[in-house]
Amino acid sequence: LQAASLQIHKDLVPHKLKVKAAGGIGYASKTLEGMGSQVGTEININLRWTMRVFMDLELHAAYLWLGDFFDSPVVNGGLDERPNDPWTVFATFKWISF
């Protein structure tokens with residue numbers, strides 16, 4: 001697997017509200033007949049609110065555009081059709097107490 005990624009982040013409100021965005025692309029080093037080498041391209045975003053010291057509430061979202069690597073039934077569990085592009089949205093609450 002070969003991959004590249006880029007990440008940027010910015011404090012919207014210093015020490016309180018931060019946004020982070022990232023993207024990446026991946027390629028398979030070896031492929032079988034009938035499949036391409038691009039595994040996919042992803043973009044994701046994270047919004048973090050620091051409520052108190054060591055207490056964060058975060059919202060995450062990500063989307064992956066599957067590449068031509070998934071054109072082959074070999075990687076799709078024997079199915080002839082490509083899977084749908086995966087995505088996710090979730091929240092986390094982090095609290096470190098001593």
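**Exercise 1. Classify Val13 as buried, partly exposed or exposed, and find the surface feature it belongs to.**

Step 1. Take the relative accessibility of Val13 in this predicted model: the value is 39%. Partly exposed covers the range between 20% and 50%, so Val13 counts as partly exposed.

Step 2. Place the residue in the fold. Val13 sits in strand 1, which runs over residues 2-13.

Step 3. Look at the company it keeps. Val13 joins Leu12, Leu47, Leu59, Trp87 and Val89 in a nonpolar patch on the surface. Together, these side chains put about 590 Å² of accessible area on show.

Step 4. Ask which strands feed the patch. Strand 1 and strand 5 (87-95) each give at least two residues to it.

**Exercise 2. Work out how many salt bridges the structure holds, and describe each one.**

Step 1. Count them: there are 2 salt bridges.

Step 2. Start with Glu58 and Lys94. Their closest N and O atoms are 3.2 Å apart, which is inside the 4 Å cut-off for a salt bridge. This pair ties together distant parts of the chain, with Glu58 in strand 4 (residues 55-66) and Lys94 in strand 5, 36 residues apart.

Step 3. Check how covered each partner is. Glu58 has a relative accessible area of 5%, so it is buried. Lys94 comes in at 41% and is therefore partly exposed.

Step 4. Now take Arg82 and Asp71, whose side chains meet at 2.7 Å, N to O. Both residues lie in the loop between strand 4 and strand 5, 11 residues apart.

Step 5. Repeat the accessibility check. Arg82 is partly exposed at 35%, and Asp71 is partly exposed at 39%.

**Exercise 3. Describe the largest pocket: what is its volume, and which residues line it?**

Step 1. Begin with the volume. The largest pocket contains about 160 Å³ of space.

Step 2. Go to the walls. The lining is made up of 14 residues, and Gly24, Ile25, Gly26, Gly40 and Glu42 are the ones nearest the centre of the pocket. Strand 1, strand 2 (17-27) and strand 3 (38-52) are the elements that each contribute two or more residues to this lining.

Step 3. Sort the lining by class. You get 7 nonpolar, 6 polar and 1 charged residues.

**Exercise 4. Which backbone feature do His15 and Phe54 show, and where does each residue lie?**

Step 1. Recall the background: most residues other than glycine have a negative phi.

Step 2. Compare with the model. His15 has a positive phi of about 65° and isn't a glycine. Phe54 isn't one either, and its phi is also positive, at about 65°.

Step 3. Locate them. His15 is in the loop between strand 1 and strand 2, while Phe54 is in the loop between strand 3 and strand 4.

Step 4. Add the exposure. His15 is exposed, with 70% relative accessible area. Phe54, at 46%, counts as partly exposed.

**Exercise 5. Say where Val53 lies and how far apart Val53 and Met35 are in sequence and in space.**

Step 1. Find Val53: it belongs to the loop between strand 3 and strand 4. Its relative accessibility is 66%, so Val53 counts as exposed.

Step 2. Turn to the pair. Val53 and Met35 are separated by 18 residues in sequence and by 49 Å in space, C-alpha to C-alpha.

How values were computed
Residues are numbered from 1 along each chain as its sequence is written. This is a predicted model: local features need pLDDT of at least 70, side-chain atom pairs count only at pLDDT 80 or more; totals for chains, interfaces and linings use all residues. Side-chain values use heavy atoms; hydrogens and water are left out. Patches are made of residues with over 30% relative accessible area and no salt bridge: like charges are joined within 9 Å, nonpolar side chains (Val, Leu, Ile, Met, Phe, Trp, Tyr) within 5 Å. Accessible areas come from the Shrake-Rupley method with a 1.4 Å probe; for residues, only the protein chains shown count as cover. Helices (H or I, at least four residues) and strands (E, at least two) are DSSP runs, numbered from the N terminus. Buried means under 20% relative accessible area, exposed over 50%, partly exposed in between (1.4 Å probe, protein chains only). On a 1 Å grid over the protein atoms alone, a cavity is a set of points where a 1.4 Å probe fits but cannot get out, and a pocket is an open set with protein on both sides within 12 Å along at least five of seven lines; lining residues have an atom within 4 Å of a point. Grid points are joined across faces, edges and corners, and a volume is the space filled by probe spheres set on the points. Ala, Val, Leu, Ile, Met, Phe, Trp, Tyr, Cys and Pro count as nonpolar, Asp, Glu, Lys and Arg as charged, and the others, Gly among them, as polar.
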